[in-house]
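Here are a few exercises to work through with the model open beside you. Try each task before reading its solution.

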Amino acid sequence: MVRRAVGGTGVKGARRPEVRVPVLERWEGGGLEPDGDYDGLEFREADFAGQDGGGARFMDCVLTGCTLDEARLSRVRVLDSVLAGVRGVGTDLAEATLRDVELTDARLGGTRLHGAVLERVLVRGGKIDFLNLRSARLKDVVFEGCVLVEPDFGGARLERVEFVDCVLKDADFSGATLKDVDLRGAVSLGIARGVDRLSGAVISAGQLLDLAPVLAGELGIRVED
């Protein structure tokens with residue numbers, strides 16, 4: 001089940017996930033396994049630092065307070081699941097699939113999600129530094145109340161993506177393709193590169209003024225008193 005966020009005039013709002021997990025079984029395993037199958041499990045305060053769970057599937061799961069430092073999770077599939085308070089540096093989620101997922105209060109740095117597919121994903125609260133989403137596909141994704149420091153959307157495709165009450169610092173949209181992307185709700189909007197790729201996005205009048213120096217530089221305009 002999903003619900004549609006309220007978008008502005010002429011902008012299609014993102015569909016948010018409504019994750020309803022079943023009664024869960026507490027996970028008692030010793031570690032992740034490549035291509036493992038995890039269904040209906042609760043992972044609480046588990047330490048997955050440095051472990052290899054590449055290609056694994058997590059369905060109807062809840063991960064709370066788990067440690068993901070340098071975890072190798074490329075090509076994982078996370079479906080109808082909640083990740084709450086996870087933390088880690090250098091987590092490898094390249095080419096992962098996240099569908100109907102809620103990620104809340106995460107503390108992540110250098111997370112690699114290049115080539116990933118995110119569909120109906122809500123990222124709420126927390127702080128994510130140097131998020132790599134190069135060449136990823138984002139559809140119906142909402143960033144809400146979080147801080148994103150130097151996120152890299154280079155070459156990514158964003159459709160029905162919303163930034164609500166969040167901070168966006170030095171974002172890179174180089175080569176990105178945007179459709180129905182709503183940036184108006186960002187309390188701070190900083191774009192380091194790729195301002196020329198904002199066709200398909202909507203911003204507020206105030207944000208336009210804030211971006212004026214970047215736009216002028218992109219157009220080769222000198223501004224002098």
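A residue counts as buried when its relative accessible area is under 20%. Keep that cut-off at hand, and remember that the model is predicted.

**Exercise 1. Overall build**

Task: Work out which helices and strands the protein chain has, and how its radius of gyration fits a compact globule.

Solution.
- Step 1: Begin with the elements; the protein chain has one helix and 18 strands.
- Step 2: For 225 residues, a compact globule would have a radius of gyration near 17 Å, and the protein chain has 18 Å, which agrees.
- Step 3: Look at the extent too: along the principal axes, the C-alpha atoms fill a box of roughly 65 × 35 × 25 Å.
- Step 4: Turn to burial, where buried residues account for 53% of the 225 residues.
- Step 5: Finish with contacts: of those between residues at least 6 apart in sequence, 11% join residues at least 24 apart.

**Exercise 2. Stacked rings**

Task: Among the aromatic pairs, examine F143 with F163 and F153 with F173, and say which parts of the chain they link.

Solution.
- Step 1: The structure holds nine aromatic pairs. One of them is F143 with F163, with 5.1 Å centre to centre and 10° between the planes. Planes under 30 degrees apart count as stacked, so this pair is stacked.
- Step 2: Place the two residues: F143 sits in strand β12 (residues 137-144) and F163 in strand β14 (residues 157-164), 20 residues apart. Both F143 and F163 are buried.
- Step 3: F153 and F173 are stacked as well, at 5.0 Å centre to centre with 10° between the planes.
- Step 4: F153 belongs to the loop between β13 (147-149) and β14, and F173 to the loop between β15 (167-172) and β16 (177-185), so this pair ties together parts that are 20 residues apart in sequence.
- Step 5: Apply the burial cut-off. F153 has a relative accessible area of 0%, so F153 is buried. F173 is at 0% too, and therefore counts as buried.
- Step 6: For a further look at rings, find the aromatic cluster formed by W27, Y38, F43, F48 and F58.

**Exercise 3. Cysteines**

Task: Decide how many disulfides there are, checking C61 and C146.

Solution.
- Step 1: A disulfide needs two cysteine sulfur atoms within 2.5 Å, and by this rule the count is zero.
- Step 2: For C61, the nearest cysteine sulfur belongs to C66 and is 10 Å away, and C61 is in no disulfide. C61 has a relative accessible area of 0%, so C61 is buried.
- Step 3: For C146, the nearest cysteine sulfur is that of C166, 4.9 Å away, and C146 is in no disulfide either. With a relative accessible area of 2%, C146 is buried.

**Exercise 4. The helix**

Task: Where does helix α1 kink, and what covers its buried residues?

Solution.
- Step 1: Helix α1 (residues 205-219) has a kink of about 50° at L211, shortly before the proline P213.
- Step 2: Its buried residues are Q207, L211 and A216, and what covers them includes β16 and β17 (188-193).
- Step 3: After α1 comes G220, with a positive phi near 75°.

**Exercise 5. A loop threonine**

Task: Is T67 buried or exposed, and what does its side chain meet?

Solution.
- Step 1: T67 lies in the loop between β7 (62-64) and β8 (77-84).
- Step 2: Its relative accessible area is 13%, so T67 is buried.
- Step 3: The T67 side chain makes a polar contact with the R87 side chain (3.3 Å).
- Step 4: Setting aside neighbours within four places in sequence, T67 is in contact with A46, D47, F48, A49 and R87.

Technical notes
Residues numbered from 1 in each chain as written. Predicted model: local features only at pLDDT ≥ 70, side-chain atom pairs only at ≥ 80, totals over all residues. Heavy atoms only, no water. Phe/Tyr/Trp six-rings, centres within 6.5 Å; stacked < 30°, edge-to-face > 60°. Helix = DSSP H or I, 4+ residues; strand = E, 2+ residues; numbered from the N terminus. Buried < 20%, exposed > 50% of the residue type's maximum accessible area, 1.4 Å probe, protein only. Bend = angle between axes of the 7 residues up to and from the residue. Contact = heavy atoms within 4.5 Å. Polar contact = N/O pair within 3.5 Å; in protein donor to acceptor, adjacent residues only side chain to side chain. Rg over C-alpha atoms; globule rule 2.2 N^0.38 Å.
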